[in-house]
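The exercises below can be worked with the sequence and the model side by side. Try each task before reading its solution.

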Amino acid sequence: MRKRIVSIALVFVLALSAAVLFSGCGNDEYPVEVANITIASEPKNIVVLDAPTADIISYAGYDIKMVGRSDEVNQDWLSVVPSVGSQTSPNVDKIKTYETDIVFAGENLDKNVKESLEKENIQVITMSQAKTPKALETNYVTLGKILGGKVTGSNKGASAYDDLISNMEMVKSSVKTEVNSDILYTVCYLYFEDNNLKLMTSGTYGDMLLGYTGAVNAAVNIDENKVDVNTLKVANPNFIFYADDATLNAIKADAVLGKLTAVTGGKTLMVTADEMNRQGKSALNTLDKMVGFMYPSLNKNTATRDEAAKTAATVAASTTANNNNQTTTNNQTATTAPANAATTSLADKYKIKLDKLTLKYEDENGNIKIMQQRLYDLGYIDDKENITGYYGDVSKAAVKSFQTKNGIKATGNADNATLVKMFDSNAVKNG
């Protein structure tokens, strides 16, 4: 299989007590060396205090390891994970109770808390956010490497990043398909900082996100983020996205900006700093929100996406809280979601009809390709090159693994019951 090689020029700021290493048997995946840290074996339990980091971890499929979060990690689908308090001063005793291996922190973690965690042999990795698309890709690969190993984890992180970009491209393509191709909107994102209006400039992650709306950033050739009102007057963006009420008030109070067509015509939308800065599934929700505002015919409800992403976190939290949420099949442990978890069929999202559908080994058709895509999204197929439409040995092994983890007799054949469960929002991911 093709391997992706990504530079380890980290944008992470990594903090580690030199005395803290994981114990365990070595293998081809570990130890992992990343910048100035060494991880000797795969971390099993993690606590995430930093919301942007949680977004990446979740999108890469490693939220199954998440046993605790800060109050600031407020993504809906992670609400099932127990809170350990604030991101600056979390409850060390609670973190210790969860047998935590790693705490992923933000830059504002209290120094004394960090020292207390390290005294408990809990590794603290302090994250800083990617500011460019390339840095974001590096973050995905590095987090994958830390949580899943130098080969499997790196590839899984890279694949997750590819999947994120692919989904953004699909949104942009939907704009081109369903909207008059002669329309080319201009947009901008404004925020209020240090008593000044500022602009999302070219080359940033936010600029990339704006680009996937199918529009052009009015600041495409601007390097300085301080707003030049005359430049915006000339650009006269069709839509203005703003960070908060303070930003909107500053826009309306300005003699020039307050008269822009987007402002007088109600073409302004609040997109919070959190929405613009989180770089996993939240980014797709933000993109849906902006595109739905710009093109009402493409307005989407992100509830299904949120519910699907909630599954793995639900499983992790329920397993930590209650080991009775495990059943055994074929002498292996099959982790199941709690009985009261909400369930939604994702068949329409994947454009597959499940009624009486059965797929068999060595068949080849479009439905098999859709099944392979779902297995890839759930983490049972590692490489996109295996999404071919042919039901071969790789697909059979993936189906068998899926059946085992979801409490279904492991045959390797995708009967109707297996497919229905596979496209259920509560399908268990491969952790």
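**Exercise 1. Find the residues that Val84 touches, and then decide whether Val84 is buried or exposed.**

Solution. Leaving aside residues up to four places away in sequence, Val84 touches Val47, Leu49, Gly68, Arg69, Ser70, Pro90, Asn91, Lys94, Ile95 and Tyr98, where contact means heavy atoms within 4.5 Å. Before going further, note that this is a predicted model, in which local features need pLDDT of at least 70 and side-chain atom pairs count only at pLDDT 80 or more, while totals for chains, interfaces and linings use all residues. Residues are numbered from 1 along each chain as its sequence is written, and side-chain values use heavy atoms, with hydrogens and water left out.

Next, place the residue: Val84 sits in the loop between β4 (66-69) and α2 (92-97), where helices (H or I, at least four residues) and strands (E, at least two) are DSSP runs numbered from the N terminus. One of the touching residues, Val47, is 37 residues from Val84 in sequence, yet their C-alpha atoms are 8.4 Å apart in space. Finally, the relative accessible area of Val84 is 1%, so Val84 is buried (buried means under 20% relative accessible area, exposed over 50% and partly exposed in between, with a 1.4 Å probe and protein chains only).

**Exercise 2. Determine how α1 and α4 are arranged, and which residues meet.**

Solution. Two packed helices are described by the angle between their axes and the distance between the axes. Helix α1 (residues 51-59) and helix α4 (residues 133-148) pack at about 70°, and their axes are 10 Å apart; the axes are lines fitted to C-alpha atoms over the stretch in contact, and angles run from 0 to 180 degrees between N-to-C directions. The two helices α1 and α4 are therefore roughly perpendicular, a term for angles of 65 to 115 degrees. At their contact, Thr53, Ile56, Ile57 and Tyr59 of α1 meet Leu136, Asn139, Tyr140, Leu143 and Leu147 of α4.

**Exercise 3. Establish how many residues of α11 are buried, and how far α11 reaches.**

Solution. Helix α11 (residues 281-294) has 14 residues and reaches 20 Å from its first C-alpha to its last, close to the 20 Å expected at 1.5 Å a residue, the expected span being 1.5 Å times one less than the number of residues. Of its 14 residues, 12 are buried, so that α11 is mostly covered; among them are Lys281, Leu284, Asp288 and Met294.

Notes:
Angles under 35 degrees count as roughly parallel, over 145 as roughly antiparallel, 65 to 115 as roughly perpendicular and the rest as oblique.
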